[in-house]
Amino acid sequence: LSYSWRKVMIPLSAAGYYVVAPDQRGYGYTKRRGINQEYDNFAFTDDLAPFRMLNLTTDIVSLVYALGYTAAAAVIGHDFGSTVAGYCALTRPDIFKSVVLMSAPYLGPPTLDSPSPLPIKMLSDGLASLTPPRKYYVLYYSTPQANDDMHDPPRGLHQFLRAYYHVKSGDWHANTPHRLPALSASVLAQLPLYYVMNLNQTMPQTVESDEPSQDHVDANSWLQDDELGV
């Protein structure tokens, strides 16, 4: 989301850079162009081919040219955007002079060999067999249920997002990052519940018990209520 970069763009701009943060394809105000050139929103059942990494990379390259430039000092990506930034730097080093990857490492291009099963899919059964049974949030997010759960949560979208961003922040007392010794279901169960959820819970249910107090919200300087309301 372009809006999520609002506090990063200002100091970079003050340092003399021309900073642009677009909504990535499928996010924010982006829309799908139909066969009759009409625009509408994306649907869960849409073909995912337009969201292949080469297309997302092409979007960023095209944006550079659309703004009248042939090079950029850096391409910076966070989370899923980190992967896109990695491919931008790999495929067009002539355009992107440096790259910054935040939160998610770039795993490199796919090999020519047959793709191996995704670890998250291999671990899914193992997580479900734990006591209590668990599930990986990425797999939950890939279901149609997840969109409904989070778009219309029981306590309202604002309250859900307040709790969600709180538990994922440094303000939450239980966030203690450390290296995991192995990639196994039992080890992954050590992760916070917003990453490895209880099997039968939605994300709003997962974060509700850890939502911040009103005093904590009032003291929050990095995500105030008017910003969250956007």
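Which residue in strand 4 does glycine 77 stand opposite? In this predicted model, glycine 77 faces leucine 101 of strand 4. The passage below places that contact within the overall fold and then turns to the backbone, the aromatic residues and the internal spaces.

The protein contains 11 helices and six strands. Its C-alpha trace extends over about 55 × 50 × 45 Å along the principal axes. Of the 230 residues in the protein, 26% are buried.

Strand 3 and strand 4, the latter comprising residues 99-102, are paired in the parallel sense through four bridges. Besides the position of glycine 77 opposite leucine 101, valine 75 has valine 99 of strand 4 as its bridge partner. Between the two strands the chain passes through helix 3 (residues 80-91), and the resulting β-α-β crossover is right-handed. The two faces of strand 3 are distinguished by their covering: Val75 and Gly77 belong to the covered face, whereas Ile76 and His78 belong to the uncovered one. Thus both Val75 and Gly77, which lie on the covered face, have partners in strand 4, namely valine 99 for valine 75 and leucine 101 for glycine 77.

Backbone geometry draws attention to two residues in the loops that follow these strands. Aspartate 79 is located in the loop between strand 3 and helix 3. Although aspartate 79 is not a glycine, its phi is positive, at about 60°. The relative accessibility of aspartate 79 is 40%, and the residue therefore counts as partly exposed, since this class lies between the limits of 20% and 50%. Serine 103 is located in the loop between strand 4 and helix 4. Serine 103 likewise is not a glycine and has a positive phi, of about 75°. With a relative accessibility of 63%, serine 103 counts as exposed, because the value is over 50%. A further backbone feature is the cis peptide bond joining threonine 131 and proline 132, for which omega is about -5°. Proline 132 lies in the loop between helix 4 (119-128) and strand 5 (134-136).

Aromatic contacts were examined next. The count comes to 10 aromatic pairs. One of them is formed by tyrosine 18 and tyrosine 69, a tilted pair with 5.7 Å from centre to centre and 35° between the planes. This pair links distant parts of the chain, as its members are 51 residues apart. Tyrosine 18 lies in the loop between helix 1 (6-14) and strand 1 (32-33), and tyrosine 69 lies in the loop between helix 2 (53-66) and strand 3 (75-78). Tyrosine 18 has a relative accessibility of 55% and counts as exposed, whereas tyrosine 69, with a relative accessible area of 39%, is partly exposed. The rings of tyrosine 164 and tyrosine 165 have centres 5.8 Å apart and planes at 70°; because this angle is over 60 degrees, the pair is edge-to-face. Tyrosine 164 counts as buried at 12% relative accessibility, while tyrosine 165 is partly exposed, with a relative accessible area of 37%. In addition, a single aromatic cluster is made up of Tyr136, Tyr137, Tyr140, Tyr141, Trp172, Tyr194 and Tyr195.

Internal space was considered last. The model has one cavity of 30 Å³ or more. The largest cavity holds about 80 Å³ of space. Its lining consists of Pro153, Pro154, Arg155, Gln159, Phe160, Ala163, Pro204, Val207, Glu208 and Glu211. Helix 7 (157-167) and helix 9 (203-208) each contribute at least two residues to the lining of this cavity. By class, six of the lining residues are nonpolar, one is polar and three are charged.

Among the pockets, the second largest has a volume of about 240 Å³. The lining of this pocket comprises 13 residues, of which Thr176, Pro177, His178, Leu191 and Pro192 lie nearest the centre. Seven residues of this lining are nonpolar and six are polar, with no charged residues. The lining of the largest cavity, by contrast, includes three charged residues.

Conventions: Residues numbered from 1 in each chain as written. Predicted model: local features only at pLDDT ≥ 70, side-chain atom pairs only at ≥ 80, totals over all residues. Heavy atoms only, no water. 1 Å grid on protein atoms, 1.4 Å probe; cavity = no way out; pocket = protein on both sides within 12 Å on 5 of 7 lines; lining within 4 Å. Points joined across faces, edges and corners; volume = space filled by probe spheres on them. Nonpolar A, V, L, I, M, F, W, Y, C, P; charged D, E, K, R; others polar. Phe/Tyr/Trp six-rings, centres within 6.5 Å; stacked < 30°, edge-to-face > 60°. Buried < 20%, exposed > 50% of the residue type's maximum accessible area, 1.4 Å probe, protein only. Pairing = 2+ DSSP bridges. Right-handed = clockwise from strand over helix to strand, strands pointing away.
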